[in-house]
Structure formats: structure tokens, C-alpha cells
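User: I would like a close look at one part of this structure, the helical part and what it packs against. Please take it slowly and keep the pieces connected.

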Amino acid sequence: MDGMSDVLAGMPEWEKRFRAPRVGLPEWAQDAPDRSLFVSNATGTFELYAWDRATGARRQVTDRPNGTTDGTLTPDGAWVWWFSDTDGDEFGVWMRQPFHGGEDVPAAPGVAAAYPAGIALGRDGLAVVGCSTDDEGTTVHVLRPGAEPVEIYRHEQSAGVGDLSEDGTLLVIEHTEHGDAMHSALRVVGLDGRTVAELDDTEGGTRELGLECLGFAPVAGDTRLLVGHQRRGRWEPALWDVASGGLTELAIDLPGDISADWYPDGSALLVEHTYRGRSELWRHELASGALTRIPTDPGTIGGATARPDGTVEFLWSSAALPPQVRSDRGDLVLEAPGFTAPASVPVEDVWVDGPGGPVHALVQRPEGEGPFPTVFDIHGGPAWHDSDAFAAAPAAWVDHGYAVVRVNYRGSTGYGREWTDALKIRVGLIELEDIAAVRAWAVDSGLADPSRLVLSGGSWGGYLTLLGLGTQPQSWSVGLAAVPVADYLASYEDEMEPLKALDRTMFGGSPQEVPERYTASSPITYVEAVRAPVFVSAGTNDPRCPIRQIDNYVGRLAELGKAHEVYRYDAGHGSLVVEERIKQLRLELAFAEKHLGGGPDSGERPPLSGVGSAPQS
């Protein structure tokens, strides 16, 4: 048995799922389709890799202590652009590196460091870069080789770069100048900033209908823009001719949300259909309207692209089986070197009557007979949803004898516009009503042991965890909150500007305008009622859920003598380092076992610190 086999033989299955090398869906250069860029954790940290399909050569492009995932290729495939921040703080500049290797150089000299707000790369060195800062709002800059950047857009509200037309003369900007950060409008401008066309389904912020830029037709002289709209209560595609102003809504008769992208010749659309926590692919012929299913197994599509020869490549996984980059021809397109992640158990679908309508939950059961200790693993976003997709953390809890329940509460995407937009005014409290309904089902059905219930989540899920521990104190036995909102007023003061705009939309104003709403939705308001032991993990460089407001909450726990532990690590809103992710989950597993008792042994663990202390990563 070789050295790697020896290591794997002694490694728990749950750790193998984290450490198994994986690859993301490759992006390909439009004018050089043999040149691709993908993300992989092959080194133990998620970084960018270049892949020359003609020769088979792969090479690592970025190598930073806290990882890199934001990157793209120029249309000719000559350059890799990648975003350089500091230790995960998301604030930085774009760099570029030759495709076959070489020195990293500033890609947008003259554009100051900022939070990224979209990027579009054209031919002959043309680039459009979006920036967001707390002081200036959103700005958009046009860069041409040898010239100073030209600012063509500025607004205090959040916005972002959409796409460049095929000839590089038109640009789409997604904006929320109307003040509703949950529903964008679209503006097409020339590269001098002059407005060419406008599309605003919000009618100046008076209607809650959003638009999304899905991309210009990839054909020279074609002025059609593929957009997503919500006019019939869900996301659907439409074709907007920005020259004539005509909008053609596409009648695609499928339930659930529908997104789309172009086939490279512009004759058809690659349709991604999402419904009840799963997704599938279709080809839609624009001339005839014919819709043809692209065979995929039941599960979740994590991205798809149509190649110039018509081949469709996609990233697929299910809760039971790890991700693979496949093609519609039955091939494995790209495999990571090393071993494959162990399988887990499939999910079961559960529908529970909630106060706002049926709530969809995904359940994974361990071996044996219930009731089980149960983890309610609450997703972040909040505009996101859990699906039948592979996830190492829930699988680890199942390995340790826990049932795992994931709830697509109101505010989640994928269940229609009204379900997503229900998250208003009573922020956090609405989602917890749905979680409570699913909790009642889990206990009444015999799945969950009511004396061993863990409320857990990261980001918005971490926020809901802390809020739930305070507003539903008798419902939960342990709380595990990663990078959470903990003190909403302090969080608003310190967070990045686009999130402030989102908060104003959700709450109906700023903390100065509606302070009672922020107070009612803030976990720190209810900290005295918390009964369950609390474990909090936080990135010290997090611009989304800043560290000061977490320290405020932890400080109150300490003052009140509440059982808690806190772990701070030197990164931002989560970590791209595999060993760091394993360490955090190991700490959470140990914390749950310490306070719940029993359960299978999870192997060697580091000692936990005392109440209120902060072990270093």
C-alpha cells in the first residue's frame, strides 16, 4: 500500500469529502475555445487554473494563502484576469497574467481599489470594470490600451456591469437607481455613457419586478439581448432588441424558474430549468420554438455552457454523488487528479404547511432508527436555496449519526417571486416561522429527537441561527453560527455599501428611519433569552458580516454567563482553504457532542477552548 493509500485508509469519510480534489465548470475563451479557465482545490486551496485543451496542459494561475476564485479570460484567450483582494476582504484590484504563464500585472491601471461590481472584456484590449465603494457608490470605467480609464457611470445606489455587445459598442448596466435593491432595471449605453435603451419593470420602483442581463447575442451585428424577467411570477427569459425596443417573451412551458444562455451561433438557447430543488437542461430553438431535453441525471446543475461545436458541458452533482464536469455526449470533460469523494446518502423531499404556504425541506437520514439528533442546516443568501446537490458538511453530520434538515424558507429563490419577496419588514422572523413549522414536522414524524436539536447555518443562515436561539429558546439544544449577522445595527454601520442598500429595501428604510424594525430583527435584542450553548465562527476580514458586531454579541453572551465558544480565523466571509473548513467543522462536531452527549466518535479532535475564548487559526 503506497503512502497516499495509507493516509486515505486512516482518514474519516467525512474528511475525504472535503479533501477530495474537485474542479469547477471550465470557462472557455470565445475566440480561442481550446483555452479554458477553471477553479480547483487540488492544492488544498481553491485557486484558478488554465487548461489548454489542444495540448492537454494544465497549470495553476494563482497561488495565494487564502485562495482565489474570481477570474475570467479575454476573448482571444491571451490573458487571465483575476481579482486580488487582501485575505478575503473582497476589496482590491484586477490583475492579469498571460494564459501560458508569466508575471502578474495590474489589469486596470488607474482604477482605484474597490469591491468588484462586474466586468466585461472585449476584443483588442477593451475592458469595462465596475467598482463599488462606501464613499462613491457604483462607478463603471472603460479601459482601452494605452489610454487612461474613462468613468462612464456613477450612482450612489448599487449597480453592476452586465455584458458587452459582440462588436464591443454597447454595454448593459444592471442598476437599482430606483432604490429597490432586490429588483434591478437594465440600461444599455454606448461606451461614452450615452443611454441607448432602458428597460425597467419596476416602473421607477413602484412595482416589485426584477430584470437580469443574461447576455448579448454572440453574433456580429445582432442587437438582441437575452434578459430574465419576473412578469409572470417567476424568472423567465425574453429577447430584447435594444435597437428597436421590441421585447419578445419566450413561451417555455416548464414549471419553476427558467434561465438561459446562448448557443454560440445564436440560433438556440441553452435553458436551465430549476424546480423544487433540482435542475435540468433543455435546448430551445429560437426559430421554431422547439424544446428538446438534454439528458441529465436527477440532481443539480451547477453551471452549463454550449461549446462552438454544439456540445453542452455542465457541472452536475446530487446530495449522494460528488460533482462531475460532464457533457451531453456522455463524457467526463475534466477530472481532478487524485481520489474521488466518498458518496453520501440521498435527500428526501418533505413538504410542510407553513404560515405563508407549503415549505419545501430536504432531509438526509443516517443509518438506524429514529428519532435522531438532528441538525437544521439553514442556508445563506437569503436569496438562495438548498437543492439536491453534493455538500460535504451535511454529509459529515449524517456520518456522525445526525439527521440533517435543510429548509427553503420564505426568501429562498426557486419557488416563485412571491415566495422570495415575502422577506420584508419582519426580516428574519418570517423565515423562522417556516423553520419552526418544519421543526414541528420533524419532531412529530419521529425523525428528530426534540432534546437534541441543533440550529446551524452560515452567513444569513448564521444570522437566522442566532435570531432563532433568542426568539425560539425552548426549541433548540445547540446553536452553531458561522459568519453571522449578530448585532444588526452595528452590522449595518460596518458592512459594504451594496448590502446596506439591500437592508434598506428589506426593512423599508435605514436604521435611522425605521429603528424599531432593525431592533426587532436583531439577534442581540434577544440575547438574554438564549438558553442553548452557542458556537460562533467569524472571519476577521469579513466585509459582509463584520467582526465588530459579532464581538458585540459574543461580549453580551459573556456578560450574561451564557455557555458559548467563539473561533476567529484570518479570512473573510468563509474560507477557501480546505484544512480551515475541516477544522471549523471538527470544532462544530465536537461542540455539539460535548453539549448533546452520545453519538459516534468522530476521530481525533483539537481541544476546545473555555467559554468566551478565541483560539487562533
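Analyst: What follows is a walk along several helices, their contacts and the loops around them.

The model is a predicted one, and the description begins with helix α5, which covers residues 429-444. At 1.5 Å a residue, the 16 residues of α5 should span 22 Å, and since the C-alpha atoms at its two ends are 22 Å apart, the expectation and the model agree. The buried residues of this helix are Leu429, Ile430, Glu431, Leu432, Asp434, Ile435, Ala437, Val438, Arg439 and Ala442, a list that holds the charged residues Glu431, Asp434 and Arg439. Just after α5, Gly446 takes a positive phi of about 90°.

Helix α5 meets helix α6, residues 460-471, where the two axes come within 10 Å and cross at roughly 75°. Angles from 65 to 115 degrees count as roughly perpendicular, and therefore α5 is described as roughly perpendicular to α6. On the α5 side the contact is made by Leu429, Glu431, Leu432 and Ile435, while α6 contributes Trp460, Leu464, Leu467, Gly468 and Thr471. Sorted by character, the residues of this contact comprise six that are nonpolar, two that are polar and one that is charged.

Two residues of that contact, Ile435 and Trp460, come up again in the largest nonpolar core, which has 55 residues and in which Phe376, Ile435 and Trp460 touch the most other members. Leaving aside residues up to four places away in sequence, Phe376 touches Val405, Val407, Ile435, Val438, Arg439, Ala442, Leu453, Val454, Leu455, Ser456 and Trp476. Among these partners, Ile435, Val438, Arg439 and Ala442 are also buried residues of α5. Apart from this core lies another one, of 27 residues, among them Trp14, Val398, Ala482 and Leu587. As a general background, nonpolar side chains in soluble globular proteins tend to be buried together.

Helix α6 also takes part in covering helix α8, residues 497-507. Eight of the eleven residues of α8 are buried, so this helix is largely enclosed by the rest of the structure. The buried residues are Glu497, Leu499, Lys500, Ala501, Asp503, Thr505, Met506 and Phe507, and what covers them includes the strand β10 (127-133) together with α6, α7 and α9. Just after α8, Gly508 takes a positive phi of about 80°.

The loop between α8 and α9 holds Gly509, which counts as buried because its relative accessible area is 7%, under the 20% cut-off. Setting aside residues up to four places away in sequence, Gly509 touches Asp503, Arg504, Val514 and Tyr518, and of these Asp503 is one of the buried residues of α8. Gly509 and Ile425 are 84 residues apart in sequence, yet their C-alpha atoms are 9.3 Å apart in space.

Beyond α9, Thr525 lies in the loop between α9 (515-520) and β35. With a relative accessibility of 39%, Thr525 counts as partly exposed. The C-alpha atoms of Thr525 and Tyr488 are separated by 9.3 Å, although the two residues are 37 places apart along the chain, and Tyr488 belongs to α7 (488-494).

The next helix to consider is α10, residues 547-560, whose 14 residues should span 20 Å at 1.5 Å a residue, and whose end C-alpha atoms are in agreement with this, being 20 Å apart. In α10 the residues Ile547, Gln549, Ile550, Tyr553, Val554 and Leu557 are buried, and these pack against α6, α7, β35 (534-539) and β36 (564-569). Helix α6 thus appears among the partners of α5, of α8 and of α10. Following α10 comes Gly561, whose phi is positive and near 70°.

Finally, helix α11, residues 578-596, contains Gln584, a residue that is buried with a relative accessible area of 13%. Not counting residues up to four places away in sequence, Gln584 touches Ser537, Tyr567, Tyr569 and Ser575. Of these partners, Ser537 falls within β35, while Tyr567 and Tyr569 fall within β36, and these two strands are also packed against by the buried residues of α10.

How values were computed
Residues numbered from 1 in each chain as written. Heavy atoms only, no water. Axes fitted to C-alpha atoms, helices over the stretch in contact; angles between N-to-C directions. Helix = DSSP H or I, 4+ residues; strand = E, 2+ residues; numbered from the N terminus. Parallel < 35°, antiparallel > 145°, perpendicular 65-115°, else oblique. Contact = heavy atoms within 4.5 Å. Expected span 1.5 Å × (residues − 1). Buried < 20%, exposed > 50% of the residue type's maximum accessible area, 1.4 Å probe, protein only. Core = buried A, V, L, I, M, F, W, Y, C linked by side-chain atoms within 4.5 Å.
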